[in-house]
Amino acid sequence: MRGRWIAAAMAVAGCDAGEDPLAGLVLVGTDPSDAPIASLDADWAERFAAGDALFEAPFREAGGLGPVYVRHACGSCHADDGRGPGIVDKFVRVEADGATPAADQSALEWGNTARPHVAGGAVTPLVIPDLPDLLVTSRAPPAVFGRGYLEAIRDDEILRVADAQAARGDAITGRPNRVPWASEARPDARFHDHGPGDDALIGRFGLKARVATLDEFAADALQGDMSITSPLRPDELPNPDGLSDDLKPGVDVDLEVVDLIADYTRLIDIPARTPTAGDALFSEVGCDACHVPSLRTRADYPIRALADIDAPVFTDLLLHDMGRAAADGLLDHDAGSSEWRTAPLIGVRFLSTLLHDGRASTVAEAIALHRADGSEANAVIDAFDALPEPDRAQLVAFVESL
Ligand code: HEC
Ligand code: HEC
C-alpha cells in the first residue's frame with residue numbers, strides 16, 4: 001500500500017525518472033519529531049504515511065512548480081517537521097517610524113514576499129526591491145508537529161481565554177485574529193464547513209494566526225511557497241512575467257494531495273515529553289497567561305484521539321502586541337505590525353532558532369526578547385528576571401523539555 005502512495009507522490013511531484021524523492025526521509029516511528037499520534041486506525045495511519053511522502057517530495061516543473069517560488073518542498077522549510085532551513089523574506093514600505101506601513105504600497109505590485117526562484121516558463125524572479133523606505137524582515141517557519149491539536153481546540157476555549165485576559169486589568173490582552181475563508185469551496189465538510197463568504201473565523205495558523213484550518217494552510221503553502229495550484233487555490237501567483245499558467249496546464253494537484261498533506265500535519269504527534277520540574281515557576285512568573293498549558297478540544301473533531309481532550313499546547317492562539325522591536329510592518333487581517341500569535345511551546349528542543357524571525361537561538365534569549373517598548377509581556381519578563389538564577393535555569397529547562 002505504501003509503495004502505491006510513494007509512486008503517487010513521485011508522480012504528482014513530477015520527479016525525474018530514477019530520482020528518489022524520498023532519499024533522506026526518516027521512516028515513521030524512528031524520529032521523535034515525526035511520530036504519528038498514538039492508536040490511529042489503519043486508514044489514518046496510511047494517510048499519515050502518504051502525506052509524509054508528499055511533504056518531503058520535491059516538486060518539479062512537470063508537477064506544476066513555478067512561475068515563481070521560494071523552495072520546492074515543504075520539508076525544505078520544515079526539515080524534520082521543525083523550523084528551517086528555508087525561510088521567507090518579507091518586505092513592505094513603511095513610514096518614517098520604521099514600523100507603520102505606508103499608505104502607498106503601489107510600488108510593490110507583486111506583493112510583500114520574495115520568491116527568488118523561477119520555473120515553468122518564467123524568467124523573472126521576485127526579488128527584494130531596492131527602495132529607501134523598505135522594511136525587510138524574515139519569517140522563520142513554525143514547526144508543524146502537534147498542529148492537529150491546535151486545529152481541534154474549541155473556538156469557545158480561545159474566546160474564554162481572551163475574556164479572562166481582558167479581565168486581568170494588566171497589559172496582557174490577547175485577541176483572536178478574525179479571518180475570512182480565503183479559498184474556493186470544498187466539496188465536503190470533512191473537518192469543517194467553512195466556505196467562500198465566511199469571515200470572522202478564528203485564525204490559528206501562521207505566525208500571525210492568519211489561517212483557520214490546516215487544509216487551507218496546505219493549499220496556501222502549496223500556492224504561496226511553490227506556486228503549486230490546487231482546487232482550493234486555482235490561480236498562479238501574480239508574477240513579473242505575467243504568466244497565468246506554468247508548464248503543467250490547469251490546476252497542478254487535486255484536492256486529495258492537499259488533504260493528504262493537511263492530514264499529515266494533523267496527525268504528527270506532539271514530540272514525547274519527559275516532564276521536568278519548573279511548571280510551578282512557569283505559572284508563578286506568568287508565562288502561562290499567554291502560553292496556556294492546555295486547552296479543551298472539540299468533541300466532534302474527526303481524529304478521535306484528538307477529540308474532547310485537554311490538549312497540552314502551551315499557547316492561547318491569540319495575538320499579542322510584542323512591542324516595537326518585533327514590528328514587521330505587515331498586517332494580516334486583524335493582526336497589526338507588532339502583533340504575533342503566542343508561539344505554541346511544542347518540541348522547542350527540536351528548534352535551532354526561536355521567535356518569528358529566528359533571531360533567538362536559546363530559550364533564555366527568546367525570553368529576554370519578549371521585552372520591548374510596548375510589549376504585553378514586559379511585567380512577566382520582569383518577574384522572570386527577579387527569580388534567583390537556579391530558578392531561572394529550572395524554568396528554562398522546563399521549556400526545553402516541552
Ligand atoms: C519557503 C519556506 C516554506 C515552505 C516551502 C513551506 N513552508 Fe510552511 N511555513 C513557512 C513559514 C515562513 C511559515 C509561517 C507563515 C506565516 O506566518 O504566514 C509557515 C507556516 C506553516 C504552517 C503553520 C504552522 C503554525 O504553527 O501556524 C503549516 C501548517 C505549514 N507551514 C505547512 C507547510 C506545508 C504543508 C508546506 C508544503 C506544501 C509548507 N509549509 C511549505 C515556510 C515554508
Ligand atoms: C504576553 C504574552 C506572552 C507572555 C507573558 C510570554 N510569552 Fe512567550 N511568546 C509570546 C509570543 C506572542 C511569542 C511569539 C513571538 C515571536 O514570534 O516573535 C512567544 C514566543 C516564545 C518562545 C519562542 C518559541 C518559538 O517557537 O519560537 C518561547 C521559548 C517563549 N515564548 C517562552 C516564554 C516564557 C518562558 C515566558 C515566561 C517567562 C513567556 N514566553 C511569556 C507571548 C508571550
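Which geometry does the site of the iron atom of ligand 2 have, given its 6 donor atoms? The points below address this and related features of the model, which is predicted.

1. Iron site of ligand 2. The site is octahedral, and the angles among the 6 donor atoms run from 88 to 180°. The protein contributes His291 and His370 to the coordination, each through NE2, at 2.0 Å. These two histidines connect distant parts of the chain, being 79 residues apart. His291 belongs to the loop between α7 (279-285) and β7 (295-296), while His370 belongs to the loop between α8 (363-368) and α9 (378-385).

2. Accessibility of the two histidines. Buried here means under 20% relative accessible area. His291 is therefore classed as buried, with a relative accessible area of 12%. His370 is likewise buried, with a value of 17%.

3. Surroundings of ligand 2. The ligand sits in the largest cavity. There are 23 residues around ligand 2, and those that come nearest are Cys287, Cys290, His291, His356 and His370. Strand β10 (339-341) and helix α10 (389-400) each provide at least two residues of the surrounding shell.

4. Polar contacts of ligand 2. The side chain of His356 places an N or O atom 2.6 Å from an oxygen atom of ligand 2. For Arg83, the corresponding distance from a side-chain N or O atom to an oxygen atom of the ligand is 3.1 Å. The side chain of His370, a residue that also coordinates the iron atom, has an N or O atom 2.8 Å from a nitrogen atom of ligand 2.

5. Iron site of ligand 1. How many protein donors does the iron atom of ligand 1 have? His78 is the only one, and its NE2 atom lies at 2.1 Å. This histidine is located in the loop between β1 (68-69) and β2 (88-93).

6. Surroundings of ligand 1. The ligand is surrounded by 26 residues, of which Cys74, Cys77, His78, Gly206 and Arg210 are the closest. Helix α5 (residues 214-226) gives the most to this shell, supplying 6 residues.

7. Polar contacts of ligand 1. Two arginines approach oxygen atoms of ligand 1: a polar side-chain atom of Arg341 lies at 2.8 Å, and one of Arg139 lies at 3.4 Å. In addition, an N or O atom in the side chain of His78 is 2.9 Å from a nitrogen atom of the ligand.

8. Backbone: cis peptide bonds. Most residues other than glycine have a negative phi, and most peptide bonds are trans. Against this background, the bond from Gly66 to Pro67 is cis, with omega near 15°. Pro67 is part of the loop between α2 (42-56) and β1. A cis bond also joins Gly84 to Pro85, with omega near 10°. Pro85 is in the loop between β1 and β2, the loop that also holds His78.

9. Backbone: positive phi. Ala209 is not a glycine, yet its phi is positive, near 55°. The residue is in the loop between β6 (201-202) and α5. Asp308 also has a positive phi, of about 55°, and is placed in the loop between β7 and β8 (310-311).

10. Accessibility of the positive-phi residues. Are Ala209 and Asp308 buried or partly exposed? Ala209 is buried, with a relative accessible area of 0%, whereas Asp308 is partly exposed at 42%.

Methods:
Residues are numbered from 1 along each chain as its sequence is written. Chains are lettered from A and ligands numbered from 1 in the order in which they are written. This is a predicted model: local features need pLDDT of at least 70, side-chain atom pairs count only at pLDDT 80 or more; totals for chains, interfaces and linings use all residues. Side-chain values use heavy atoms; hydrogens and water are left out. Donors are N, O and S atoms within 2.8 Å of the metal (3.2 Å for Na, K and Ca); water is not among the atoms, so sites may look incomplete. Four donors count as tetrahedral if all angles lie between 85 and 135 degrees; four count as square planar and six as octahedral if opposite donors are over 155 degrees apart and all others between 65 and 115; anything else is irregular. Helices (H or I, at least four residues) and strands (E, at least two) are DSSP runs, numbered from the N terminus. Buried means under 20% relative accessible area, exposed over 50%, partly exposed in between (1.4 Å probe, protein chains only). A residue is near a molecule or strand if one of its heavy atoms lies within 4 Å of it. A polar contact is a pair of N or O atoms within 3.5 Å; within protein, one must be able to donate a hydrogen and the other to accept it, and residues adjacent in sequence count only if both atoms are side-chain atoms. On a 1 Å grid over the protein atoms alone, a cavity is a set of points where a 1.4 Å probe fits but cannot get out, and a pocket is an open set with protein on both sides within 12 Å along at least five of seven lines; lining residues have an atom within 4 Å of a point. A molecule sits in a cavity or pocket if more than half of its atoms lie within 2 Å of its grid points.
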